[in-house]
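Please find my notes on this model below. They are set out as numbered points, to be read beside the coordinates.

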Amino acid sequence: MAGQVKFNKTALKAQRDSLSKYQSFLPILVLKKMQLQLVLRQLEPVIEERRKALREEADSLNPYAALIGDPTVDIEDLLQVEEVKLQWDNVAGVATPEFQEVLFRERPYSLFSTPGWLDIILDALKKVISIREELKVLQEKEAILREELRTTTQRVNLFEKRLIPELKENIRRIKIFLGDQETASVGWAKMAKSKLTGKEA
């Protein structure tokens with residue numbers, strides 16, 4: 001940008017306009033960066049809590065491990081996920097997913113021809129799957145926000161460390177150049193006047 005600057009009043013106005021635009025936009029970017037950092041800090045313990053809940057729920061199934069492997073019962077067939085329901089939220093101008101619930105495909109089965117423990121295990125497994133899907137959505141949300149934070153931080157740095165200082169330096173150089181030109185033109189005018197006065201005498 002610095003090497004392409006023209007040294008005239010039009011260029012000075014353009015540089016001042018750009019500086020004004022960047023200086024008014026920078027606080028918005030800084031605020032967005034702070035909001036993203038805050039949401040990410042709040043999200044970390046939530047993710048950790050859901051990880052812990054998933055481990056605990058999965059561990060609670062350990063006593064049923066042998067039953068879950070029972071070849072006479074097709075648990076997978078009775079536990080098919082139909083839909084993971086989401087809604088979309090707006091965080092600092094970024095669309096992020098919010099977990100609602102897991103809908104399971106209803107598979108009717110005979111209570112007489114299946115073991116009595118099946119209902120208990122199916123409920124426990126549904127809980128595990130629901131927490132797992134919620135955790136996935138939370139991690140997806142975190143990834144989206146981290147990427148947006150990275151981009152926003154880059155833009156803040158670009159404005160603060162490069163664009164705004166460059167524009168200020170360009171304005172300073174143009175003002176010096178225009179000031180020197182004005183001084184020189186006043187000098188030339190005085191010389192011309194004194195020459196004219198000398199000729200008339």
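1. Start with Glu-142, a residue of helix H4 in this predicted model. Buried or exposed? Glu-142 counts as buried because its relative accessible area is 17%, and the cut-off for buried is under 20%. Beyond four places in sequence, Glu-142 touches Leu-40, Leu-43, Glu-44 and Ile-47. A distance check on Glu-142 is also useful. Ala-189 is 47 residues away from Glu-142 in sequence, yet 68 Å away in space, C-alpha to C-alpha.

2. Next, Arg-50, which sits in helix H1. Its relative accessible area is 17%, so Arg-50 is buried as well. Which residue does the Arg-50 side chain meet in a polar contact? The partner is the side chain of Glu-134, at 3.1 Å. Glu-134 also appears among the residues that Arg-50 touches, with Ile-131, Leu-135 and Leu-138; residues up to four places away in sequence are not counted there.

3. Arg-132 belongs to helix H4. Here the relative accessible area is 37%, so Arg-132 is classed as partly exposed. Sequence and space part company for this residue too. Arg-132 and Leu-54 are separated by 78 residues in sequence, but their C-alpha atoms lie 6.5 Å apart.

4. Glu-160 is another H4 residue; the helix covers residues 118–200. Glu-160 is partly exposed because its relative accessible area is 40%, which falls between the 20% and 50% cut-offs. How far is Glu-160 from Gln-23 in space, C-alpha to C-alpha? The distance is 9.0 Å, with the two positions 137 residues apart in sequence. Neighbours within four places aside, the contacts of Glu-160 are Leu-26, Val-30 and Pro-165.

5. Now the overall layout. The chain has 4 helices and 2 strands. Read from the N terminus, the order is α-α-α-β-β-α. The C-alpha trace spans about 130 × 25 × 20 Å along its principal axes. The radius of gyration is 35 Å, whereas a compact globule of 201 residues would come near 17 Å.

6. The contact pattern deserves a comment. Take the contacts with a sequence separation of 6 or more: 80% of them join residues 24 or more positions apart. Burial is given for the whole chain: 28% of the 201 residues count as buried. The accessible surface comes to about 13600 Å², and carbon and sulfur atoms hold 55% of that area.

7. The strands form a hairpin. S1 covers residues 81–91 and S2 covers residues 94–104. The two run antiparallel and are joined by 10 bridges. Within that pairing, Leu-86 has Phe-99 of S2 as its bridge partner.

8. Check the turn of that hairpin. It has 2 residues between the strands. Ala-92 lies in this loop. What is the phi of Ala-92 near? It is near 50°, a positive value in a residue other than glycine.

9. As background, nonpolar side chains in soluble globular proteins tend to be buried together. In this model the largest nonpolar core holds 30 residues. Those with the most contacts inside it are Ile-75, Leu-79, Trp-117, Leu-118, Leu-122, Leu-125 and Leu-145. Helix H1 (9–60), helix H3 (75–78), S2 and H4 each supply at least two residues. Which element gives the most to this core? H4 does, with 13 residues.

10. Leu-118 is worth inspecting on screen. It is one of the core residues with the most contacts inside the core. With neighbours within four places in sequence set aside, Leu-118 is in contact with Val-73, Ile-75, Leu-78 and Tyr-109. Of these, Ile-75 is also listed among the best-connected residues of the core.

11. There is a second core, separate from the one above. How many residues does this second core have? It has 15, including Leu-12, Leu-29, Ile-164 and Ile-174.

Methods. Residues numbered from 1 in each chain as written. Predicted model: local features only at pLDDT ≥ 70, side-chain atom pairs only at ≥ 80, totals over all residues. Heavy atoms only, no water. Pairing = 2+ DSSP bridges. Buried < 20%, exposed > 50% of the residue type's maximum accessible area, 1.4 Å probe, protein only. Contact = heavy atoms within 4.5 Å. Core = buried A, V, L, I, M, F, W, Y, C linked by side-chain atoms within 4.5 Å. Rg over C-alpha atoms; globule rule 2.2 N^0.38 Å. Areas by Shrake-Rupley, 256 points an atom, 1.4 Å probe, with all protein chains shown as cover. Polar contact = N/O pair within 3.5 Å; in protein donor to acceptor, adjacent residues only side chain to side chain.
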